[in-house]
Amino acid sequence: MNTEQTGDVERRVAVHAALADATRLRVVDLLTLGDAASSELSERLDVPSNLLAHHLKVLQGAGVVARHRSEGDGRRSYWRLVRALPVAPGGAGLAVPARVVFVCTANTARSQLAAALWRGASTIPATSAGTRPAERVAPGARAAARRHALDLPDVAPQHLADVGPAGDDLVVTVCDLAHEELGSVSRVHWSVADPVVTGTRAAFDRAYDELAARVAQLVPLLGRAC
């Protein structure tokens with residue numbers, strides 16, 4: 001067995017060992033849906049913060065999860081699942097919603113792209129909104145949609161209050177600041193970097209790729225029992 005094969009086997013062993021615990025499996029199941037802060041995981045799992053910190057350290061050491069700083073509240077950080085797992089996570093799921101509402105702060109890029117991607121992947125209706133909507137969709141988002149042959153409707157950004165999400169809607173925040181503003185209203189959070197900050201083609205393409213992967217992961221989980 002060569003060095004590369006040996007390294008792969010050892011990584012898989014480490015991952016399996018890290019997942020050989022019910023609490024850590026539950027963490028992975030939650031992060032399959034979206035990102036979460038330590039405090040959110042502790043609350044959802046009903047696990048003391050010090051014990052959760054131990055489990056997260058084990059998962060991080062095995063390369064199962066990673067943590068990054070919030071773009072909103074810099075004192076806060078979010079955990080996300082590393083997608084290249086040698087074992088597939090399972091068990092996570094949500095009831096089929098009446099509609100999926102994607103939310104970011106300005107409703108100019110990430111939430112618009114996410115809703116458009118969702119409409120191409122699922123029959124469940126989708127819309128987007130902002131907590132502080134701007135006047136128009138970012139030109140970079142429109143250009144990214146054209147590059148990827150994505151149908152991005154020519155609509156003005158709208159406020160979340162005007163969309164009127166109901167209890168049977170699934171609110172997905174794609175912006176740290178919006179998630180922190182909405183709290184528990186946001187059932188699922190995707191911590192996607194704001195491409196408008198740099199405004200480069202590469203930044204918008206990275207956001208598009210991240211959102212496309214997240215949409216593809218969430219679609220089959222709706223309607224699957226937790």
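**D46.** I started with how open D46 is in this predicted model. Its relative accessibility comes to 71%, and since anything over 50% is exposed, D46 goes down as exposed. I then looked up where D46 sits: the loop between helix 3 (38-45) and helix 4 (49-61). The backbone caught my eye too, as D46 has a positive phi of about 55° without being a glycine. I noted this down because most residues other than glycine have a negative phi.

**N107.** Next I turned to another positive phi. N107, also not a glycine, has a phi of about 60°. I found N107 in the loop between strand 3 (99-104) and helix 5 (110-121). Is N107 buried or exposed? Its relative accessibility is 0%, so I wrote N107 down as buried.

**Aromatic pairs.** How many aromatic pairs does a search of the whole structure find? I got two. For F102 and W118, the ring centres are 5.9 Å apart and the planes stand at 55°; that angle is neither under 30 nor over 60 degrees, so I call this pair tilted. F102 belongs to strand 3 and W118 to helix 5, so the pair ties together parts 16 residues apart in sequence. I checked burial for both: F102 is buried, and W118 is buried as well.

The other entry is F102 with W190, again tilted, at 5.8 Å centre to centre and 45° between the planes. Here F102 in strand 3 meets W190 in the loop between strand 6 (188-189) and helix 9 (201-218), so the parts being tied together are 88 residues apart in sequence. F102 and W190 are both buried. Putting the ring pairs side by side, I have F102, W118 and W190 linked into a cluster.

**L211.** I moved on to L211, which lies in helix 9. L211 has a relative accessible area of 0%, so I have it as buried. What is L211 in contact with, once its neighbours within four places in sequence are left aside? My list for L211 reads R110, L113, A114, L117, V174, W190 and V192. I underlined W190 there, since W190 is also part of the ring cluster with F102 and W118. I also took one long distance: the C-alpha atoms of L211 and L52 are separated by 28 Å, with their positions 159 residues apart along the chain.

Notes: Residues numbered from 1 in each chain as written. Predicted model: local features only at pLDDT ≥ 70, side-chain atom pairs only at ≥ 80, totals over all residues. Heavy atoms only, no water. Helix = DSSP H or I, 4+ residues; strand = E, 2+ residues; numbered from the N terminus. Buried < 20%, exposed > 50% of the residue type's maximum accessible area, 1.4 Å probe, protein only. Phe/Tyr/Trp six-rings, centres within 6.5 Å; stacked < 30°, edge-to-face > 60°. Contact = heavy atoms within 4.5 Å.
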